[in-house]
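Hi,

Here is the structure I promised to pass on. Have a look at it first, and then read on for what I found in it.

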There are 2 protein chains.
Amino acid sequence: MPAAGELDLAIRGGLCVTCDAAGTVTAGDLYIHDGRIVAVGGATRRARRNLDASGMIVMPGLMNLHDHLRDMTPGLDAAEGLKLDEMLRVWWRLNEAAGAAEYETMAAYSCARLLASGTTTVVDHLYPFHRDGLAEAAIAGYSSTGARWYLARGLMTRGYDPICEPLAVGLARVRALLAADVAAERIMLAPVSFRQADAGDYLAAREFAAAHGLRLYTHVAETEAEVRTVQAEHGCRPVELLDRLGFCGPDVTLVHCVLLSDAEIDLLATTGTHVVHCPSNHMKLAKGFTRVRDLLDAGVNVALGVDQMADMFCEVRQEVLLQSIRHEDPAVIPPALALRMATANGAAAVGLGGRLGELVVGALADVICVSARGLRIDPILDAAWSLVHRASGGDVRHVVVGGSVVIEDGEFAHLDVEALRKQAMGVIDSYLANTGIAKTRIEL
Amino acid sequence: MPAAGELDLAIRGGLCVTCDAAGTVTAGDLYIHDGRIVAVGGATRRARRNLDASGMIVMPGLMNLHDHLRDMTPGLDAAEGLKLDEMLRVWWRLNEAAGAAEYETMAAYSCARLLASGTTTVVDHLYPFHRDGLAEAAIAGYSSTGARWYLARGLMTRGYDPICEPLAVGLARVRALLAADVAAERIMLAPVSFRQADAGDYLAAREFAAAHGLRLYTHVAETEAEVRTVQAEHGCRPVELLDRLGFCGPDVTLVHCVLLSDAEIDLLATTGTHVVHCPSNHMKLAKGFTRVRDLLDAGVNVALGVDQMADMFCEVRQEVLLQSIRHEDPAVIPPALALRMATANGAAAVGLGGRLGELVVGALADVICVSARGLRIDPILDAAWSLVHRASGGDVRHVVVGGSVVIEDGEFAHLDVEALRKQAMGVIDSYLANTGIAKTRIEL
């Protein structure tokens with residue numbers, strides 16, 4: 001630790017909900033230097049910059065392990081009332097009208113929205129790549145906001161011809177990204193699903209990922225139709241097929257996993273494969289009930305994703321509520337575990353277990369401060385309970401990513417949000433105008 | 001309508017989501033006079049007072065048809081992880097330590113919290129009455145905030161001796177309230193449940209209500225144990241028993257109704273009995289899935305309640321999400337219907353159908369303005385969708401009840417919220433100290 005007086009940042013006067021494995025909650029100042037946490041509580045030290053967190057809960061930034069930022073808006077609202085497969089048709093028509101400007105603006109707008117509601121890390125499952133420059137544009141969008149980002153680089157080789165990309169073209173585009181110095185650790189290779197990619201694409205993705213040091217990512221086991229199709233074509237269930245294709249492992253994240261057999265849960269546990277659950281999305285799109293408790297009991301790392309719904313605080317609460325009713329057990333997901341799913345478990349899924357998503361010395365300093373004194377939240381008997389059951393994205397006051405202050409007192413430090421909003425609304429207007437979707441935007 | 005220039009209040013520049021049966025959404029000013037809505041849109045008129053609603057959605061105040069305000073905090077947090085029957089034991093021990101000061105302060109604090117998050121009407125299911133003056137204290141609390149309140153006056157004659165009240169004492173206390181000029185329309189007679197009152201109490205309540213012009217209210221069909229007990233003791237299911245006791249009818253509201261047979265749904269429809277559903281509470285306490293869509297299809301009026309969870313916006317969204325996954329149909333509760341459940345259906349359940357809970361000419365002017373321009377909510381393609389899936393209680397800016405401005409720009413007009421909060425925290429501290437519950441409050 002550097003000498004007193006030389007620290008970069010102190011977050012003072014808050015209650016630290018560390019989200020470590022022991023569920024430690026501690027009053028005291030949090031110190032950050034060189035992008036990392038150097039002390040939680042302890043002796044008072046000087047720092048070059050100070051954030052006042054009195055009346056606030058200080059916790060790790062939330063980690064959104066699954067989203068599609070270009071579709072965040074308009075997305076679900078344009079496809080209200082439709083089930084997944086029909087909804088995807090609407091989205092793909094919208095996607096068809098999108099180009100680099102749309103990808104960049106919506107990546108930035110959605111990241112800004114997530115940051116403002118306390119999410120510091122997002123994995124953007126980005127597809128389709130039906131024009132050149134889309135990944136580069138999205139990366140420019142993420143980067144402009146200060147969010148910690150991962151690009152789950154979709155491979156969509158079938159499903160809706162106008163926006164498909166041949167496998168070889170997709171892999172060449174990823175090679176170009178790497179050649180342009182995008183860090184391999186930021187890219188996950190992500191065949192979209194068995195609807196939009198075939199077994200050969202998954203095999204090729206595994207091989208390519210191994211050669212280039214990329215992680216893997218995909219949607220799987222999301223609908224009954226998918227399970228039936230895979231069973232008919234391959235004689236096994238979807239996660240079993242992934243395993244046969246060598247696609248499971250500790251460098252792999254599987255999203256949704258709504259329909260799992262006992263054998264598939266064992267496979268996920270044995271291979272160390274990560275799972276992402278998106279409870280509100282599963283509810284709204286009527287997908288079904290993922291066996292989250294069984295996965296956790298088997299030792300599988302389960303993280304959470306927003307997947308276009310409201311914000312990560314909603315998802316944390318939703319996971320508790322959904323599993324409680326599903327298991328008819330109010331204790332099935334305790335508050336501290338729900339918070340871990342949204343922080344430390346997300347970190348493990350991006351390969352940073354123990355080094356992100358917890359307020360522990362040495363971890364990357366992604367930290368949020370949540371207003372927790374006042375009518376909406378008091379009284380607090382258990383800080384984790386209150387975060388889960390009372391807090392919402394609107395209560396977030398300060399956001400720090402990698403030691404940099406991105407939001408202070410609710411205001412972005414370096415981003416003109418109103419200008420970005422206007423730009424995003426313009427993009428959405430033209431985006432809607434260029435599709436056959438009979439919806440228009442209301443400007444208030 | 002009074003002449004131009006004489007109107008009491010104009011809410012200008014918002015988008016009105018009227019929550020009427022047709023789902024009308026209209027831009028334009030809303031005019032209020034003498035506690036009622038006199039125009040929605042139309043020609044511009046002068047008013048003595050103006051609220052700026054530009055960038056906001058204007059809608060009826062939300063109606064919370066079920067809560068227990070004295071327990072709102074500490075309530076669920078003190079009983080984390082417990083199922084209903086065990087949780088009630090914790091609450092009852094807390095209740096035992098409560099007196100008039102606790103009832104008044106917590107009624108006020110909880111009403112203030114609800115108002116700030118857009119709920120203008122609350123039905124407080126209040127029990128136990130183990131000391132004199134508790135109803136009067138609670139009424140003083142509600143009234144101090146400006147909320148529209150209904151006291152569902154509990155009758156608890158069994159279950160936990162230290163806080164039970166003999167039936168005759170309970171009815172005498174209600175008589176005293178009425179004699180002290182509490183309007184009969186504000187009181188519902190509310191045997192707590194078949195756990196805490198017997199069939200004779202229900203019969204007596206019906207008779208007393210008829211004699212005094214009171215509405216009726218109770219918890220019913222909430223757990224498997226309750227259904228089994230009623231079947232063993234009476235040879236029928238709980239709602240069937242209520243009907244036999246003459247307890248069903250258009251002046252009756254039944255809360256929870258988790259476990260209903262087809263015959264019971266028919267009974268509710270035939271008798272015009274109202275139902276209140278509390279989705280997040282049912283999820284957290286692992287009660288099960290109420291047949292909400294079947295009730296609506298049968299023509300039963302179903303309203304919503306917070307029941308100690310976060311706020312009514314959460315409940316509106318939760319109802320959509322919960323029924324979608326339950327029925328595996330994303331369209332099962334459209335956004336406009338969810339909003340009606342939280343507004344107009346609540347009005348019907350308190351006997352004010354068509355006269356409250358909709359922005360229509362002649363209705364009581366309970367109106368809220370929700371901030372809807374900006375990063376959190378834009379773009380808006382469908383205002384009802386955005387209210388359901390993007391808004392939260394923290395977005396409420398103005399609150400008007402019966403034509404009176406209770407909150408303007410997020411600030412209470414006549415209530416010192418910080419003083420109330422401090423008072424409430426003091427009450428909670430002594431409340432916890434006087435029980436055997438090993439929890440303490442954290443002051444941030």
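**What turned up**

Let's begin with one residue, B:Thr223, which sits in the loop between strand E12 (215–220) and helix H6 (224–234) of chain B. Keep in mind throughout that this is a predicted model. Is B:Thr223 buried or exposed? Its relative accessibility is 14%, and buried means under 20%, so B:Thr223 counts as buried. The side chain of B:Thr223 reaches the backbone nitrogen of B:Glu226, at 3.1 Å. Leaving aside residues up to four places away in sequence, B:Thr223 touches B:Leu84, B:Arg195 and B:Leu259.

**Helix H2, in both chains**

Next, have a look at H2 of chain B, which covers residues 100–116. With 17 residues at 1.5 Å a residue, helix H2 of chain B should span 24 Å, and its end C-alpha atoms are indeed 24 Å apart. Of those 17 residues, 13 are buried, so H2(B) is largely enclosed by the rest of the structure. Just after H2(B) comes B:Gly118, with a positive phi of about 100°.

Now for H2 of chain A, also residues 100–116. For the 17 residues of H2 in chain A, the expected span is 24 Å, and the distance between the end C-alpha atoms agrees at 24 Å. H2(A) has 13 of its 17 residues buried, so the rest of the structure largely encloses it. A:Gly118, just after H2(A), takes a positive phi of about 100°.

**Salt bridges**

Side chains of opposite charge can pair when their charged atoms come close. How many salt bridges does the structure hold over all chains? The total is 48. A few of them are worth a visit.

One is A:Arg173 with A:Asp132, where the closest N and O atoms are 2.9 Å apart. This pair links distant parts of the chain: A:Arg173 is in helix H4 (residues 167–179) of chain A, while A:Asp132 is in the loop between strand E9 (119–126) and helix H3 (134–145), 41 residues apart. A:Asp132 is exposed, with a relative accessible area of 62%.

Another is A:Asp366 with A:Arg148, and here the closest N and O atoms are 2.7 Å apart. A:Asp366 lies in the loop between helix H13 (344–349) and strand E16 (367–371) of chain A, and A:Arg148 lies in strand E10 (residues 148–155), so this salt bridge ties together parts that are 218 residues apart in sequence. Both partners are tucked away: A:Asp366 is buried, with a relative accessible area of 4%, and A:Arg148 counts as buried at 12%.

In chain B, the side chains of B:Asp429 and B:Arg441 meet in a salt bridge at 2.8 Å, N to O. B:Asp429 is in helix H15 (residues 417–433) and B:Arg441 is in the segment after H15, so the pair ties together parts that are twelve residues apart in sequence. B:Asp429 counts as partly exposed at 33% relative accessibility, whereas B:Arg441 is buried, with a relative accessible area of 17%. These two also belong to a network: salt bridges that share partners join A:Asp378, B:Glu418, B:Arg421, B:Lys422, B:Asp429, B:Arg441 and B:Glu443.

**Where the chains meet**

How much area do chain B and chain A bury between them? The figure is about 5,900 Å², 66% of it on carbon and sulfur atoms. B:Leu375, B:Leu381 and B:Leu444 supply 16% of the area that chain B buries against chain A, more than any other three residues. The contact takes 72 residues from chain B and 72 residues from chain A.

Two salt bridges are counted between chain B and chain A. B:Arg421 forms a salt bridge with A:Asp378, with the closest N and O atoms 2.4 Å apart. There are also 26 residue pairs in polar contact between the chains.

Which elements of chain B each supply at least two residues of the side that touches chain A? They are strand E7 (56–60), H2, helix H9 (279–284), helix H11 (312–327), helix H14 (383–389) and H15. H11(B) gives the largest share of that side, with eight residues. By type, the residues of the side of chain B that touches chain A divide into 41 nonpolar, 14 polar and 17 charged.

Happy browsing!

Note on methods: Residues numbered from 1 in each chain as written. Chains lettered and ligands numbered in written order. Predicted model: local features only at pLDDT ≥ 70, side-chain atom pairs only at ≥ 80, totals over all residues. Heavy atoms only, no water. Helix = DSSP H or I, 4+ residues; strand = E, 2+ residues; numbered from the N terminus. Expected span 1.5 Å × (residues − 1). Buried < 20%, exposed > 50% of the residue type's maximum accessible area, 1.4 Å probe, protein only. Salt bridge = Lys/Arg side-chain N within 4 Å of Asp/Glu carboxyl O. Contact = heavy atoms within 4.5 Å. Buried area = accessible area lost by both parts, 1.4 Å probe. Polar contact = N/O pair within 3.5 Å; in protein donor to acceptor, adjacent residues only side chain to side chain. Nonpolar A, V, L, I, M, F, W, Y, C, P; charged D, E, K, R; others polar.
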